[in-house]
Amino acid sequence: MKQTLVLLMALLLNGCALLKGETCPYLAPGVGYCLLSPTEVASQRQIEKIAIEIPGAPKMTLHGVRENTPGTMVLAATGAAGQISLSVKWDGQQLASQSSGLPDSLDPAWLLALVQLSEAPLAEVETALSGAGLTESSSGELRQRELWQGSERLMTLSHSHDYTRVEHHRYGLTMTITTLSREAL
């Protein structure tokens, strides 16, 4: 497993395409979100299981690695056969990404925005969001956010220490991220 992760990270850093001006994706028509800069946190690596369901497509199960270092976030995921499916590197200025075997509708900046909407502090998310409102409630360790455009609920985002679930109601997309392990870098 560790060799696969090293290979995955090496491919990520060597074969990325730069997305220019794509750091403010639209979450839905009229709803923009500009990616937040990575936080200055202790360096950490997470191993994750990612399940994505989109209407009309088979369910995708990916095995991912997320690395946070001060000022940089790297996400990488492979499918069941070990092929590179997704890699994203975000330093707050430039977004480098590579995607293979994923539907075109799964833009890397859009996926990173969904993770930030779920996990980043509410006040920071609200400053990066336009065209919609966000509500938040908590029950124990589980925090739930809902993204609203007028009276339409666009998304439900649930997050706890080892679990993130995004339900995009307008598009019928569901993404579930389960953290399997964490380690300091």
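**A friendly note on this predicted model**

1. To start with the overall picture, buried residues make up 46% of the 185 residues in the protein chain. Please keep in mind as you read that this is a predicted model. The protein chain holds three helices and 14 strands. Of the contacts in the protein chain with a separation of 6 or more, 51% are between residues 24 or more positions apart.

2. On to the interior. The largest nonpolar core contains 41 residues, and L27, Y33, I52, L114 and M175 are those with the most contacts inside it. Which element gives the most to this core? That is α2, with eight residues.

3. L27 is a handy residue to click on in your viewer. L27 sits in strand β2 and is buried, its relative accessible area being 0%. That value puts L27 in the buried class because the cut-off for buried is under 20%. Setting aside neighbours up to four places away in sequence, L27 touches Y33, W110, A113, L114, L117, L129, L147, M155, H168 and Y171.

4. One of those partners deserves a second look. L114 is among the residues that L27 contacts, and L27 and L114 are 87 residues apart along the chain. In space, the C-alpha atoms of L27 and L114 are separated by 8.2 Å. Both L27 and L114 also belong to the group with the most contacts inside the largest nonpolar core.

5. Now for the cysteines. A search of the whole structure turns up one disulfide, which joins C24 to C34 with an S to S distance of 2.0 Å. Where do C24 and C34 lie? C24 is in the loop between β1 (17-19) and β2 (26-28), while C34 is in the loop between β3 (31-33) and β4, so the pair ties together parts that are 10 residues apart in sequence.

6. Is this disulfide right-handed or left-handed? The torsion about the S-S bond of C24 and C34 is about 110°, so the disulfide is right-handed. As for exposure, C24 has a relative accessible area of 37% and is partly exposed. C34 is likewise partly exposed, with a relative accessible area of 34%.

7. Next, the enclosed space. How many cavities of 30 Å³ or more does a search of the whole structure find? The search finds one, and the volume of the largest cavity is about 170 Å³. Its lining consists of 16 residues, with I50, L75, L86, M175 and I177 nearest the centre. Two or more lining residues come from each of β4 (44-53), β5 (60-69), β6 (72-78), α2 (108-119) and β14 (173-184). The largest share, four residues, is supplied by β5. By class, the lining of this cavity has 13 nonpolar, one polar and two charged residues. M175 links this point to the second one, as M175 is also among the residues with the most contacts inside the largest nonpolar core.

8. Last comes the open space. The largest pocket offers about 550 Å³. It is lined by 30 residues, and T39, R66, N68, M73 and E119 are the closest to its centre. At least two lining residues each come from β4, β5, β6, α2, β12 (152-160), β13 (163-168) and β14. What classes of residue make up the lining of the largest pocket? There are 11 nonpolar, 13 polar and six charged residues.

Terms used. Residues numbered from 1 in each chain as written. Predicted model: local features only at pLDDT ≥ 70, side-chain atom pairs only at ≥ 80, totals over all residues. Heavy atoms only, no water. 1 Å grid on protein atoms, 1.4 Å probe; cavity = no way out; pocket = protein on both sides within 12 Å on 5 of 7 lines; lining within 4 Å. Points joined across faces, edges and corners; volume = space filled by probe spheres on them. Nonpolar A, V, L, I, M, F, W, Y, C, P; charged D, E, K, R; others polar. Disulfide = S-S within 2.5 Å. Buried < 20%, exposed > 50% of the residue type's maximum accessible area, 1.4 Å probe, protein only. Core = buried A, V, L, I, M, F, W, Y, C linked by side-chain atoms within 4.5 Å. Contact = heavy atoms within 4.5 Å.
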